Amino acid sequence: MVDYNEGNPSNHDALIEKLSALKVEFFTEYHENVDSNRKFYNLDFGDNVVPEGWRDRLDPVIPPTARRAVDEASDHILFVPKIKVPVRPTTSKRVTEQQIAEAKRKFLNAWWSQVTQRTNPIGDGRKLLLREGRICIRHTLRWDIIPDKDKMSARQYKAALDKLGRYEFLWDVELLDNKSVYEDPSNHRDPAYVYVEYEILVEEAKRKFPDVKGEWTKLSDYQKVVYTEYWSKPEFKSDGTWEAGDYIQWVNKERVETDENPYPYIPIVIEDSGYGDNYRGVKTSDKYVGLTQFTTDMFIAEARQMTSWEAVTEITAFPPIFARNMDSTRNITVGPGEIINLDGSKGEPGAEDIEIARWPEIPQGVIRLVDKTTSYANSALKMDTLGGSPLAGVNTATEADQQIRNASSKLQGPLAALERLAVRISRWVLMDIELVLNTPVSVYGTKAVDAAVATISPKDIKGFYDSSCEFTTSDADAVSQIKARFWAEMYRVVPFLSAMTAMERGEIADDPMSEMVRRSAEDILLSAEMRSIRTLTAAQAYGQLAEMVQAMQTQGGPSETTGVPSSMGMPAGGNSAEGLMVQPDALQQPERNAVMDMSLTNRDLLQGPSQLR
């Protein structure tokens, strides 16, 4: 553990001072951009539209263009990742490694399904990524519910974790505010250290640190204090072990906890949107760029034009009325068929007169300018295309498809960022199981198409943490269907193409091997041999039904040996079709006919399936 306060006075903390310098040197301008982007997204920029001297007489009209640009693009991104796991390279046991890869894939997809249902950090973080050019997620284990491994045997520890997975989730995956994360400015994707700082309630701080007696503990439970944490990167050695990093916590800049980083990584993932620059030494504000960051002037211009348009419309719709020589107490009724009598003749001195002023119409230049500004905004941000609005000048489905694909291409940067993020977190999950928990872990409540539980153990991982991830946009589903149809047709036409390859390339099935096993089971179930077996089984079941009906129609009790009433006259031979017949003379005519028909049908069925075709 590094002593960062060595040589410093006791009332100073070197890491807190480093955080203060980091904020000023690298994050001040970016935070200003974040505040600006949030202001425009929340449509709170009326002060930029109406001059200060006019605000008491003119209310701004703020069109939702800035908000819609982010929302339309965000809603277009499907936020549930599709994880794929490559097969570990091997010279033998290819099938075994394939099965392990499938088990890991199912586990990771089940894991992401649980995360999506519980905290949904990627779904909620899409807007942050597009609006502020950055997304930060903290991935930690829930140590408060994980049992203490040192206080129980290996078997007890394994059983406890397995049981815990049935009703709880072992991880906490949380979306962080972009203004609360300060990372190593040299490399945001693999930082050497990361700070996280935000406000929490005093009662929450007391729950986290019940044994601490700081000045902040004297505050009211519902006051807020500043919580700060610091993570440093572990150092891996050549023998596969690592030297743990640091995990330090402060409340109101008072250090409350100093410990080792329990993970072989810094559990905070940071990604940029791809709209900014990304090279060594780039400024933080140039690296994290939002979708609408360079279109704010257009939003202000559009709002000013709309405000002036609305003001002129209001005046034109309600013109002023000028009255001369009118009694101020006189009421004039205006309506269909009403006659207004004025005293005096027109032009006569002292005569009453009413004049309705007509303001000039809205200048056509204003209308054209509003249309042009809106067109520029849609051209730059693709709002109408992504939102599904009809496109002007697009007459065919092919043209519309091209426009939609062009609009979706603007989302490639954010999609790539989310894929990198999901791959990194998936890698951390496997590392948690093998290196931190070191025991099999189960995730319950998976998707309906898979088993109700997915389990993976450290021996399935063995240092192989690689995976791939795919995020798509809503229009990509249609493209996927076209791809699936193409490869299905290729499988039908090309005699040397395997079904496994067709399903993999066409993305028809997540687990091609399992799909082929299911198809083989269906072929067996629907074969002619199985059809004969089902026919014989149905015939036997029908004979038993006839026997039960005959038993209910008789007066006598069941036989001790056959369970059939003795009055049925069952021959000693037992279960022949003739022995199942009831003596018709003992029944009434309707009952006699029903039993005779059933017995004859049963006899025909028992002759075999060849008689049924």
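Start by selecting residues 321–324: that's strand β12, and I321 belongs to it. Keep in mind that you're looking at a predicted model. Now show the side chain of I321. Is I321 buried or exposed? It counts as exposed because its relative accessible area is 60%, and the cut-off for that label is over 50%.

Next, add I332, V334, I340, L342, I354 and I356 to your I321 selection and turn on the surface. Together these residues make a nonpolar patch, with about 630 Å² of accessible area between them.

Time for a sheet. Select β2, residues 134–141, along with β3 (171–176) and β11 (268–272). You should have an open sheet of three strands, running β3-β2-β11 in order, with antiparallel pairing. Which strands stand at the edges? Those are β3 and β11; each has a single partner strand, so one side of each is left without a neighbour in the sheet. Look across the strands as well: neighbours here are turned by 20° against each other on average, ignoring direction.

Zoom in on β2 and β3. Six bridges join this antiparallel pair. To see one of the partnerships, click C136 and then L176 in β3, its bridge partner. In general, strands of a sheet pair through backbone hydrogen bonds, so those are worth displaying here.

Last stop: select residues 154–167, helix α5, and pick out Y167. Y167 counts as exposed because its relative accessibility is 54%. Now select Y444 too. How far apart are the C-alpha atoms of Y167 and Y444? They're separated by 7.9 Å, although the two residues lie 277 residues apart along the chain.

Note on methods:
Residues are numbered from 1 along each chain as its sequence is written. This is a predicted model: local features need pLDDT of at least 70, side-chain atom pairs count only at pLDDT 80 or more; totals for chains, interfaces and linings use all residues. Side-chain values use heavy atoms; hydrogens and water are left out. Helices (H or I, at least four residues) and strands (E, at least two) are DSSP runs, numbered from the N terminus. Buried means under 20% relative accessible area, exposed over 50%, partly exposed in between (1.4 Å probe, protein chains only). Patches are made of residues with over 30% relative accessible area and no salt bridge: like charges are joined within 9 Å, nonpolar side chains (Val, Leu, Ile, Met, Phe, Trp, Tyr) within 5 Å. Accessible areas come from the Shrake-Rupley method with a 1.4 Å probe; for residues, only the protein chains shown count as cover. A salt bridge is a side-chain nitrogen of Lys or Arg within 4 Å of a carboxyl oxygen of Asp or Glu. Two strands pair if DSSP finds at least two bridges between them. Axes are lines fitted to C-alpha atoms, for helices over the stretch in contact, and angles run from 0 to 180 degrees between N-to-C directions.
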